[in-house]
Amino acid sequence: MSDQVTTISGPSICLEGEILQGSNIIIRNGCIDKITKDIEGEVLSLPETDTIIPGMIDCHIHGAKGADIMDATPEALQTISDALYEEGVTGFLATTMTESKDKISQALSAVSNFVRHDSHDHILGVHLEGPFLSKDFMGAQRGDLILDPDIN
């Protein structure tokens, strides 16, 4: 099997601590192989005014496009995943709300099943927001569902 190789040429490339201009990104079999002045394989030329940045990670997102993590359905999770991916978010923590134990459990099960069965590796985990919060700093969470922590 031969390698599938594409060179992305033209845009600035944002790296940690620097922005490269006049360099190319070599994609080999769907993964970034190297950044170089060389050209290999098929060439995808982008405008020099564009900038390529690393994928972003959202560590606190409840939903997108009318779907919410607490909907606890594969359809809602797919809608959220797709919307974030379109905006450059390549990884995120599915964030729950302070809700009943049953609703939180349903949301956690839905995320677990979605990731396990559909190989959605851009869901990096869950941000369990509540029910163990301070009522002094509960923000938009429902105060009647906040619980005091209990080791048992």
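Strands here are DSSP runs of E with at least two residues, helices are runs of H or I with at least four, and both are numbered from the N terminus. With that in hand, welcome to a short tour of this predicted model.

**View 1. The whole chain, from the N terminus on.**
The protein has two helices and 12 strands. Their order is β-β-β-β-β-β-β-β-β-β-α-β-α-β, starting at the N terminus. The radius of gyration is 21 Å, well over the 15 Å that the globule rule gives for 152 residues, so the protein is more spread out than a compact globule. In terms of its principal axes, the C-alpha trace spans about 60 × 35 × 30 Å. Of the 152 residues, 32% are buried. The accessible surface comes to about 9900 Å², and carbon and sulfur atoms account for 52% of that area. If you like contact maps, take the contacts between residues at least 6 apart in sequence: 57% of them join residues at least 24 apart.

**View 2. The open sheet β8-β11-β12.**
Three strands pair in parallel here, in the order β8-β11-β12, and the sheet is open. Its edge strands are β8 (56-61) and β12 (123-127), each of which pairs on one side only. On average, neighbouring strands of this sheet are turned by 20° against each other, direction ignored. As background, strands of a sheet pair through backbone hydrogen bonds, either parallel or antiparallel.

**View 3. Strand β11 and its partners.**
What joins β11 to the strands beside it? Four bridges link β8 to β11, and four bridges link β11 to β12. For the pairing with β8, look at M56, which stands opposite V89 in β11. Towards β12, L93 has G125 as its bridge partner, while A94 is matched with V126. Five of the seven residues of β11 are buried, so this strand is largely enclosed by the rest of the structure; buried means under 20% relative accessible area.

**View 4. Helix α1 and the largest nonpolar core.**
Helix α1 lies across β8, β11 and β12, and runs at about 140° to β11. Fourteen residues make up the largest nonpolar core, and those with the most contacts inside it are I69, L77, I80, L84, F92 and V111. At least two core residues come from each of α1 (74-86), β11 (89-95) and α2 (101-118). Which element gives the most to this core? That is α1, with four residues.

**View 5. A closer look at I80, with a second core elsewhere.**
Once residues up to four places away in sequence are set aside, I80 touches H62, G63, A64, A67, D68, I69 and F92. Another core lies apart from the largest one; it has five residues, including I8, L20, I25 and I27.

**View 6. A72 meets α2 across a gap in sequence.**
A72 sits in the loop between β10 (67-68) and α1. Where does the chain come back to A72? Besides its neighbours within four places in sequence, A72 is in contact with Q106, A107 and A110. One of these, Q106, is 34 residues from A72 in sequence, yet their C-alpha atoms are 6.0 Å apart in space.

**View 7. Two loop residues with positive phi.**
Most residues other than glycine have a negative phi, and most peptide bonds are trans. Which residues deserve a look for their phi? N29, which is not a glycine, has a positive phi near 55°. N29 belongs to the loop between β4 (24-28) and β5 (31-36). K65 is also not a glycine, and its phi is positive at about 50°. K65 is placed in the loop between β9 (63-64) and β10. Are these residues buried or exposed? N29 is partly exposed, with a relative accessible area of 38%. K65 is exposed, its relative accessible area being 62%; the cut-off for exposed is over 50%.

**View 8. A cis peptide bond after the last pairing.**
Finally, a backbone detail worth checking when you set up a calculation. The peptide bond from G130 to P131 is cis, and its omega is near 15°. P131 is found in the segment after β12.

Conventions
Residues numbered from 1 in each chain as written. Predicted model: local features only at pLDDT ≥ 70, side-chain atom pairs only at ≥ 80, totals over all residues. Heavy atoms only, no water. Core = buried A, V, L, I, M, F, W, Y, C linked by side-chain atoms within 4.5 Å. Buried < 20%, exposed > 50% of the residue type's maximum accessible area, 1.4 Å probe, protein only. Contact = heavy atoms within 4.5 Å. Pairing = 2+ DSSP bridges. Axes fitted to C-alpha atoms, helices over the stretch in contact; angles between N-to-C directions. Rg over C-alpha atoms; globule rule 2.2 N^0.38 Å. Areas by Shrake-Rupley, 256 points an atom, 1.4 Å probe, with all protein chains shown as cover.
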